[in-house]
Amino acid sequence: MEEDKVKDAAASERPGENGPEKPETPETTAQTETTESGDTEQPDTPAPSEQPEPAEQAEPAEPAETAEPPADDAEEPAPLTPEEEAAEAERRAEITRTVQVSIEQIMEASDGQNPADGADASDAEESEPEESVLQVVAHHLLRWLALVAVLVLVIAVGGVVWLYRKATPDMIPTVTVTLDGQTLEATSYRWKVPVIGNFFKRTYAETLSAKPRELTEEIEDRSPDLSISSTDFASEITVVDADGEEVFSGTALDFNVFRFAESGSYSAKLVLSTSGGYRGEPSVTGHQTYEFNFTVNILPVVRLNTNSVSQGGVAAIRVSGLAEDEKPRLVSKLSCTGFYESEDGWVAYLPVGLDTAAGDYDLTVETGTTSQTVTLTVRDRTPSYRDYTSRSSLVTPYVGAEDTPQQVLDLLETAEPTIYWAASGFTSPFSKSVNITLAYGTTEYVNRTRQERLNGTGTGRTSCNAVLTGRCDLVAPADGKVLLAQQLKGVGNTLVIEHGAGVKTIFYGLKSLSVKEGTKVTQGQVIAATANATVVEVRIGKTAVEPLAILRGQCDALKNY
């Protein structure tokens, strides 16, 4: 009990502990200063006589701040007892704990926590930190992904720029185009060079010429050759004439079989294009355009079946490469029946009579705009002759040039435009074997002198036809039309057949006739019957030529139809 009283007395002496709080006045109180460690200086304790009477019991409170000692000569504070020191240490520890709790609360408040929620605070301490960690991880992951995306984008853009610069004009395809041997130059192009596969391409386009190119050399071929150095391009060509009328439209292959109908000035547009590579592989796509003007001056092709022919023979001159409605003309000293249409153009037959002088003959073929000349050489015929001592030895029957009936002469200029033998040619008109009594071109002499025989001169008669002996049926040597079938004075039954192009077969001295005038006959058809001797003659126009060579199918001029 004594010790308790002593403790109570000591506690009552410490201001702010268990005793009543003293009123603060300007004269008696002073604020205390807080040191860096959190301790406060103890104010001077007044003497017991100066303390006021105790008031009502009040709640313990924090020690009031006291003012600093007013002067240097203030009294030093009294030393603390062990109990006071222990209480003071406990008070300081409590202040330290309070400060630490306050700091932790501040930190938790900065993280979005609310520790003042009572029982929920503990749950927040357990769940909210986990959610915060996930949010932080997600936030950092998104930032990382965004950085990676930006980096990939920068690399991709750089790669595209590099590839774009690598798609240079030297990747544009090179192609060479020629028309009739003349090189064409492009007027414009538009090519797309792959940068990234076929999805992104770089375009190169340029107009090289605002006007069509002019080809300097005339094209003389009716079907000029259009050549393209590569087959990788699709082609489309359109050609118009001077009046703007379209004369052709199609591919380059189609153009190479096209034939110009006439000479003149033309304009063309050729487009070469490509749409993609093999199975979608990256490739250059686009087109290249050629526009050009050219002149077609068609020269016909003139050819002879032979460069030389003997007297009594036949030459044929053929002309091809003309327009459909254009017919050539022949200018020559040699006789001719004119040009006739054939499968490959036009043909004219030139009979060389026995009286034609040997030498070179110019044959000039004229068309509307062109003229070409070829030369035919006429050779002397190997002479064939017979000498008789009596006129009774001359071959009979005989029809010489001066003996031709007028009815036959009137038909010699008649010519059918159709060449009837074009399909089958000529064949022998005799159904059986016959003998040649007098060959074409044989000269018969009567009583020539020895000197005339040595010199090959004299007066005789030369056969312009052939005399054959033997009885048989006479058949048509080729298809044709009967112009005359009747008995004529001095020559007997006479038959004249026109085979086309002015080529005629004439038969004199027939036993009987099986066809009538105006009848069309076919090769091998029976047309008459022969007597003991038959005169056979072939004329082209008015000129008599070697008959047996033609009837045997040995005349080259009439072979090539």
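Here is a short chat about a predicted model, covering its strands, a surface patch and its cysteines.

Me: Let's start with the sheets. Which order do the three strands of the open sheet take?

Reply: The order is 2-1-6, and the pairing is antiparallel.

Me: Which strands stand at the edges there?

Reply: Strand 2 (182–184) and strand 6 (226–228) do. Each has a single partner strand, so one side of each is left without a neighbour in the sheet. Neighbouring strands of this sheet are also turned against each other, by 30° on average with direction ignored.

Me: Nice. How many bridges join strand 1 and strand 6?

Reply: Three bridges, in the antiparallel sense, with strand 1 covering residues 177–179. If you want a pair to look at, Thr-178 stands opposite Ser-227 in strand 6.

Me: Moving along the chain, what about strand 17 and strand 18, how many residues lie between them in the hairpin?

Reply: Four residues lie between them. Strand 17 (residues 359–366) pairs with strand 18 over eight bridges, in the antiparallel sense. Asp-360 stands opposite Thr-377 in strand 18, for example.

Me: And strand 12 with strand 18, parallel or antiparallel?

Reply: Parallel, over three bridges, between strand 12 (residues 308–310) and strand 18 (residues 371–379). There you can find Val-309 opposite Val-378 in strand 18. So strand 18 pairs with strand 12 in the parallel sense and with strand 17 in the antiparallel sense.

Me: Changing topic to the surface. Which residues form the nonpolar patch?

Reply: Leu-141, Leu-142, Trp-144, Leu-145, Val-148 and Val-152 form the patch. Together they have about 580 Å² of accessible area.

Me: Where does Leu-141 lie?

Reply: Leu-141 lies in helix 3, which runs over residues 119–166.

Me: How exposed is Leu-141, then?

Reply: Leu-141 is partly exposed, with a relative accessible area of 46%. That value falls between the cut-offs, because buried means under 20% and exposed means over 50%.

Me: Last topic, cysteines. How many disulfides does the count come to?

Reply: Zero disulfides, taking a pair of cysteine sulfur atoms within 2.5 Å as the rule.

Me: Is Cys-555 buried or exposed?

Reply: Cys-555 counts as buried, because its relative accessibility is 10% and the cut-off for buried is under 20%.

Me: And what does Cys-336 count as?

Reply: Cys-336 counts as partly exposed, at 31% relative accessibility.

Me: Great, thanks! I'll go and look at strand 18 again.

Methods:
Residues are numbered from 1 along each chain as its sequence is written. This is a predicted model: local features need pLDDT of at least 70, side-chain atom pairs count only at pLDDT 80 or more; totals for chains, interfaces and linings use all residues. Side-chain values use heavy atoms; hydrogens and water are left out. Two strands pair if DSSP finds at least two bridges between them. Helices (H or I, at least four residues) and strands (E, at least two) are DSSP runs, numbered from the N terminus. Axes are lines fitted to C-alpha atoms, for helices over the stretch in contact, and angles run from 0 to 180 degrees between N-to-C directions. Patches are made of residues with over 30% relative accessible area and no salt bridge: like charges are joined within 9 Å, nonpolar side chains (Val, Leu, Ile, Met, Phe, Trp, Tyr) within 5 Å. Accessible areas come from the Shrake-Rupley method with a 1.4 Å probe; for residues, only the protein chains shown count as cover. A salt bridge is a side-chain nitrogen of Lys or Arg within 4 Å of a carboxyl oxygen of Asp or Glu. Buried means under 20% relative accessible area, exposed over 50%, partly exposed in between (1.4 Å probe, protein chains only).
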